[in-house]
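Student: Could you walk me through how the labels on a model like this get decided?

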Amino acid sequence: ITAAFVAGFVLPVILVVAGTVMGFPRTLLVKVFVPYFLGVIAQLLSWRSLGFRGSPAWPLVPIPFILWRLVQLSRGAAIFTAAGAPWIFPALLQGVLLPFWAMALFGHVLLWPALYKWPLENFSLSTPVGPVPANPLSQIDTGGERMLEELEQTTQERDRLQMRANNLRRMDPRRGGGRQSEASS
């Protein structure tokens, strides 16, 4: 996915620079590339905000953005063609970036089992979005047993620390405990 952002960001920047050097009107470059770059930035911000909150929806963030990016690339190629730009600009948009983002979308969907950490039993079973989770209902943990185990461990740890603190208090001569205070009385 990171390679997709690098290639999906670097090539358009190169096209903007080349268009500027070739003397394209800036309004043409703005119409084609500003929505594209704003979409990439919005995707990154959405991804960061959902990822930092621990939302289970963060792996789904790229889907609408990549779909919209595909539409933007098709429109950009049509704008370049209508403006009489050299054939290389629409060819790079439709022949390189469009398939690149389509493959990135497909690859991202195939990563869902790994991103969601689905337990996979049989890799030969597959659906349109990848392998089927192995018995997903048996993987649901209500948390009751785990919470009871954690509570029991915490209680044991508290009791152990309490006993250690009591032993240390008895041994500390400054607190009136230990053999010196018993000998003086």
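Tutor: Sure, let's take the labels one by one.

Tutor: This is a predicted model, so local features need pLDDT of at least 70 and side-chain atom pairs count only at pLDDT 80 or more, while totals for chains, interfaces and linings use all residues. Residues are numbered from 1 along each chain as its sequence is written, and side-chain values use heavy atoms, with hydrogens and water left out.

Student: Why is Arg26 called exposed?

Tutor: Arg26 has a relative accessible area of 67%. Exposed means over 50%, buried means under 20%, and partly exposed is in between (1.4 Å probe, protein chains only). So Arg26 counts as exposed, at 67%.

Student: Where does Arg26 sit, and in which helix?

Tutor: Arg26 is in helix α2, which covers residues 26–53. Helices are DSSP runs of H or I with at least four residues, strands are runs of E with at least two, and both are numbered from the N terminus. From Arg26 to Val16 is 10 residues in sequence and 9.3 Å in space, C-alpha to C-alpha.

Student: What makes up the protein in terms of helices and strands?

Tutor: The protein has seven helices and two strands, in the order α-α-α-α-α-β-β-α-α along the sequence.

Student: How many salt bridges turn up in a search of the whole structure?

Tutor: The search finds two.

Student: What makes Arg160 and Glu157 a salt bridge?

Tutor: The test is a side-chain nitrogen of Lys or Arg within 4 Å of a carboxyl oxygen of Asp or Glu. For Arg160 and Glu157 the N to O distance is 2.6 Å, so the pair passes that cut-off. Both residues lie in helix α6 (residues 144–171), three residues apart, or about one turn of the helix.

Student: Are Arg160 and Glu157 buried or exposed?

Tutor: Neither label fits: Arg160 is partly exposed because its relative accessible area is 44%, and Glu157 is partly exposed because its value is 35%.

Student: How do you know that Asp159 and Arg158 form a salt bridge?

Tutor: Their closest N and O atoms are 2.8 Å apart, so this pair meets the cut-off too.

Student: And why do Asp159 and Arg158 get separate exposure labels?

Tutor: Asp159 has a relative accessible area of 38%, so Asp159 is partly exposed. Arg158 comes in at 52%, so Arg158 is exposed.

Student: What share of the protein is buried?

Tutor: Buried residues make up 27% of the 185 residues.
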